[in-house]
Amino acid sequence: MVKLMVRDSETIQEAVRRFRKLVERSGIKKEMRRREHYQKPSEIRRRQKIQAERRNKRARMLGR
């Protein structure tokens, strides 16, 4: 949960800007996008497998 204390000399626009940054950094937007549509467990496993293959391929190309 993100909490934002509005400062005395702060405008609403500045407070909203700080709030957006806090939400972005906390990962709430990313989590909302991920949960926007239901994913079957098989889809989740498939996506994770593809991501792992990409990571491994990239690591091999960079010589790690």
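**Fold, salt bridges and pocket of a three-helix chain**

Buried residues account for 5% of the 64 residues in the protein chain. The model is predicted. Its secondary structure consists of three helices and zero strands. From the N terminus on, the order of elements is α-α-α. The chain is more spread out than a compact globule, because its radius of gyration is 19 Å, well over the 11 Å that the globule rule gives for 64 residues. Along the principal axes, the C-alpha trace spans about 50 × 35 × 15 Å.

The segment before α1 (12-26) contains L4. Contacts of L4, leaving aside residues up to four places away in sequence, are made with A15, R18, F19 and L22. One of these partners, R18, is 14 residues from L4 in sequence. In space, the C-alpha atoms of L4 and R18 are 8.0 Å apart. L4 has a relative accessible area of 22% and is therefore partly exposed, since the buried class requires a value under 20%.

A second set of contacts involves helix α2, where I28 is placed. I28 touches V2 and V23, again without counting residues up to four places away in sequence. V2 and I28 are separated by 26 residues along the chain. Their C-alpha atoms are 9.0 Å apart. At 33% relative accessibility, I28 is classed as partly exposed.

Salt bridges were searched for over the whole structure, and four were found. One of them joins the side chains of E10 and R18, with an N to O distance of 2.7 Å. R18 thus appears twice, as it is also touched by L4. The two ends of the E10 and R18 bridge fall into separate accessibility classes. E10 counts as buried, because its relative accessibility is 13% and the limit for that class is 20%. R18 is partly exposed, at 24%.

E24 and K29 form another salt bridge through their side chains. The N to O distance here is 3.6 Å. Both ends are partly exposed. E24 has a relative accessible area of 47%. For K29 the value is 37%.

A further salt bridge lies in helix α2 (residues 28-34) and pairs E31 with R34. The closest N and O atoms of E31 and R34 are 2.7 Å apart. The two residues are separated by about one helical turn, because they stand three residues apart in the helix. E31 is partly exposed, with a relative accessible area of 30%. R34 is partly exposed as well, at 47%. The pair does not stand alone: E31, R34 and R35 are linked in a network of salt bridges.

R34 also belongs to the lining of the largest pocket. This pocket holds about 160 Å³ of space. Besides R34, the lining comprises Q39, I44, R47, Q48 and Q51. Helix α3 (residues 41-62) supplies the largest share of the lining, four residues. By class, the lining has one nonpolar, three polar and two charged residues. I44 is the nonpolar member, because Ile counts as nonpolar. The charged members are R34 and R47, because Arg counts as charged. Q39, Q48 and Q51 make up the polar part. R34 therefore has two roles in this description, as a lining residue of the largest pocket and as a member of the salt-bridge network with E31 and R35.

Technical notes. Residues are numbered from 1 along each chain as its sequence is written. This is a predicted model: local features need pLDDT of at least 70, side-chain atom pairs count only at pLDDT 80 or more; totals for chains, interfaces and linings use all residues. Side-chain values use heavy atoms; hydrogens and water are left out. On a 1 Å grid over the protein atoms alone, a cavity is a set of points where a 1.4 Å probe fits but cannot get out, and a pocket is an open set with protein on both sides within 12 Å along at least five of seven lines; lining residues have an atom within 4 Å of a point. Grid points are joined across faces, edges and corners, and a volume is the space filled by probe spheres set on the points. Buried means under 20% relative accessible area, exposed over 50%, partly exposed in between (1.4 Å probe, protein chains only). Contact means heavy atoms within 4.5 Å. The radius of gyration is taken over C-alpha atoms; the globule rule is 2.2 Å times the number of residues to the power 0.38.
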